Amino acid sequence: MPMNDNSAPTLDEQAGHCFACGPANPQGLHLHFDRSEHPETGHPTVTATVNLTRIYEGPPGYIHGGIIATLFDEAMSKLNRPLDTLAMTRHMEVDYLRPSPLYQDLTLTATHERREGRKLFHSAQLHNAEGTLLAQAEGLFIAINPAMIPSNITPEKAGH
Ligand SMILES: CCCCCCCCCC(=O)SCCNC(=O)CCNC(=O)[C@H](O)C(C)(C)COP(=O)(O)OP(=O)(O)OC[C@H]1O[C@@H](n2cnc3c(N)ncnc32)[C@H](O)[C@@H]1OP(=O)(O)O
């Protein structure tokens, strides 16, 4: 495993098994986000294209609502890095406006809205290819002490 200069795992290495974005998780979603700035506010924005199979089905033909929440949680969490902040989700609200179809390219976006001390407020949306808003979320992330994140997780230490 590649290491940084201190031979300690980097944050990306620590997060390699993240269910939503980790490349090392064989059962994960392997989401990839492009980062930019919001054209009006200049705040960090991220975008990903998602196209999910029946593994993630809830209602027949549609994505499970819990997976949609996962998409939003992950997209909003990706805004913390450009804000130079290590943070975890404290609160999230999801509006499911239309069923979100499987086997179609959908656009997942998230934008940083504002910061109040340790509190980071983000928003996220899921659109179909026609531009219809399918679901949306608001999230509160709290900046944490990096010491909260263990540097070496093994099955033995996780109790498996
Ligand atoms: C981290 C690196 C890797 C990134 C991976 C990203 C993965 C994707 C993101 C995730 O899924 S993270 C996993 C899910 N989240 C968690 O497991 C977090 C579990 N919760 C905690 O560990 C603690 O609650 C946390 C460290 C987040 C915060 O605990 P604290 O005790 O430091 O803060 P507190 O609970 O007092 O809340 C902080 C502030 O939020 C405020 N707050 C809480 N709920 C609120 C609400 N609903 N609306 C507005 N404000 C709210 C609360 O009042 C308070 O305001 P003040 O600081 O002004 O007093």
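Between which helix and which strand is the loop that holds His30 found? In this predicted model, His30 belongs to the loop that runs between helix H1 (11–14) and strand E1 (34–37). His30 has a positive phi of about 55 degrees although it is not a glycine, and with 14 other C-beta atoms within 10 Å it is partly exposed, because that class takes in residues with fewer than 20 but more than 12 such neighbours. The domain assignment of the protein places domain 1 at residues 1–30 and domain 2 at residues 32–146, and the centres of domain 1 and domain 2, taken over C-alpha atoms, are separated by 20 Å.

**The sheet**

Six strands form an open sheet in the order E1-E2-E4-E5-E6-E3, and the pairing is antiparallel. E1 and E3 are the edge strands, each of them pairing on one side only, and from one strand to the next the twist averages 20 degrees. At the E1 edge, four bridges join E1 to strand E2 (residues 44–50), the two running antiparallel, and within this part of the sheet Ser36 stands opposite Thr45 in E2. The hairpin of E1 and E2 has six residues between the strands, and in this hairpin Gly42 takes a positive phi near 75 degrees.

**Backbone and exposure**

A second residue to consider beside His30 is Asp84, which lies in the loop between H2 and E3. Asp84, which is not a glycine, also has a positive phi of about 55 degrees. Asp84 counts as exposed, because 7 other C-beta atoms lie within 10 Å and the limit for this class is 12 or fewer. Ile67, by contrast in setting, has its place in helix H2, and with 19 C-beta neighbours inside 10 Å it counts as partly exposed, since a buried residue would need 20 or more. Ile67 and Ala147 are 80 residues apart in sequence, and their C-alpha atoms are 28 Å apart in space.

The table sets out the neighbour counts for these residues.

| Residue | Other C-beta atoms within 10 Å | Class |
|---|---|---|
| His30 | 14 C-beta atoms | partly exposed |
| Asp84 | 7 C-beta atoms | exposed |
| Ile67 | 19 C-beta atoms | partly exposed |

**The ligand shell**

The ligand is surrounded by 16 residues, of which the closest are Ser77, Met88, Thr89, His91 and Ile142. Helix H2 (65–77), strand E3 (87–96) and strand E6 (133–143) are the elements that give two or more residues to this shell. The largest share, four residues, comes from E3, which is also one of the edge strands of the sheet. Taken by class, the shell around the ligand has eight nonpolar, three polar and five charged residues.

**The annotated span**

An unreviewed UniProt entry lists residues 61–134 for "domain: Thioesterase". In the model, the end C-alpha atoms of residues 61–134 lie 14 Å apart, and the span is 18% helix and 43% strand.

How values were computed:
Residues are numbered from 1 along each chain as its sequence is written. This is a predicted model: local features need pLDDT of at least 70, side-chain atom pairs count only at pLDDT 80 or more; totals for chains, interfaces and linings use all residues. Domain bounds come from an automatic or database domain assignment. A residue is near a molecule or strand if its C-beta atom, placed from the backbone, lies within 6 Å of it. Ala, Val, Leu, Ile, Met, Phe, Trp, Tyr, Cys and Pro count as nonpolar, Asp, Glu, Lys and Arg as charged, and the others, Gly among them, as polar. UniProt positions are given in the numbering used here, feature names are shortened, and annotations may be inferred rather than shown by experiment. Two strands pair if DSSP finds at least two bridges between them. Axes are lines fitted to C-alpha atoms, for helices over the stretch in contact, and angles run from 0 to 180 degrees between N-to-C directions.
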